[in-house]
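Biologist: I'm new to this one and would like to go slowly. Could you pick a single part and give me a close look at it?

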Amino acid sequence: MQYIYNVTANIDESIHKAWLQWIKEHIPQVLGTGKFEKATLSRVLVEEDMGGVTYSIQYRTYSREALDRFYKEDAPKFRAEALKLFADKMLAFRTELQIIDEYTVEFK
C-alpha cells in the first residue's frame, strides 16, 4: 500500500521568491532520506482570502512504516528549518493520503 504525504503551504508575497528557491532545494533533501520515491510540487490555483501564494508538495512513500520513520527521524529537523527561515510568513498544514487505486488512460 502506498501513501502520499501532502504539505500545503501558503506563502506571503514578501518571501515568495526566496521560499520557492528554498523549496526546490528542500524537496531533494526530503527525498534523500530514502523514505519517499518521488515528489510533486504544485501551485494551488484557488486564491485564498488571506492572500499569498499556495503550494502543495506531495511526497509518495513506499509504506506506512517509511512515513512513520520520517515523522520520527526527519520531520522535526525539516520543520524547524522552515520555521527558522520563514517564521510567520509561511502557514503550512500536512495531510496523509492512502492510495486505494490508480487509473490511467491509454491513448492510441
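Modeller: Let's take H3, whose buried residues (buried is under 20% relative accessible area, exposed over 50%, partly exposed in between, with a 1.4 Å probe and protein chains only) pack against helix H1 (16-31), helix H2 (64-73) and strand S4 (90-98). Contact here is heavy atoms within 4.5 Å. The names come from DSSP runs, numbered from the N terminus: helices are H or I with at least four residues, strands are E with at least two.

Keep in mind that this is a predicted model, where local features need pLDDT of at least 70 and side-chain atom pairs count only at pLDDT 80 or more, while totals for chains, interfaces and linings use all residues. Residues are numbered from 1 along each chain as its sequence is written, and side-chain values use heavy atoms, leaving out hydrogens and water.

Back to H3: this helix runs over residues 75-86, twelve residues in all, and its first and last C-alpha are 16 Å apart. That is close to the 16 Å expected at 1.5 Å a residue, the expected span being 1.5 Å times one less than the number of residues.

So which residues of H3 are buried? They are Ala75, Phe78, Ala82 and Phe86. Those four cover an arc of only 70° around the axis (taken from the directions from the helix axis to the C-beta atoms), so they sit on the same side of H3. Here's the general idea: an α-helix has 3.6 residues a turn, so residues three or four places apart point the same way. Over on the other side of H3, you'll find Pro76, Lys77, Leu83 and Lys84 exposed. Just past the end of H3, Ala87 has a positive phi of about 40°.

Now for a look at one neighbour. H1 has buried residues of its own, among them Trp19, Trp22 and Ile23, and H3 is one of the elements covering the buried residues of H1.

Finally, step back to the loop between H2 and H3, where Asp74 sits. Asp74 and Lys35 meet through their side chains in a salt bridge, at 2.7 Å from N to O; the term stands for a side-chain nitrogen of Lys or Arg within 4 Å of a carboxyl oxygen of Asp or Glu. Lys35 is in the loop between H1 and S2, 39 residues away from Asp74 in sequence. Both of these residues are buried. There's a third player too: salt bridges with shared partners join Lys35, Glu73 and Asp74 into one network.
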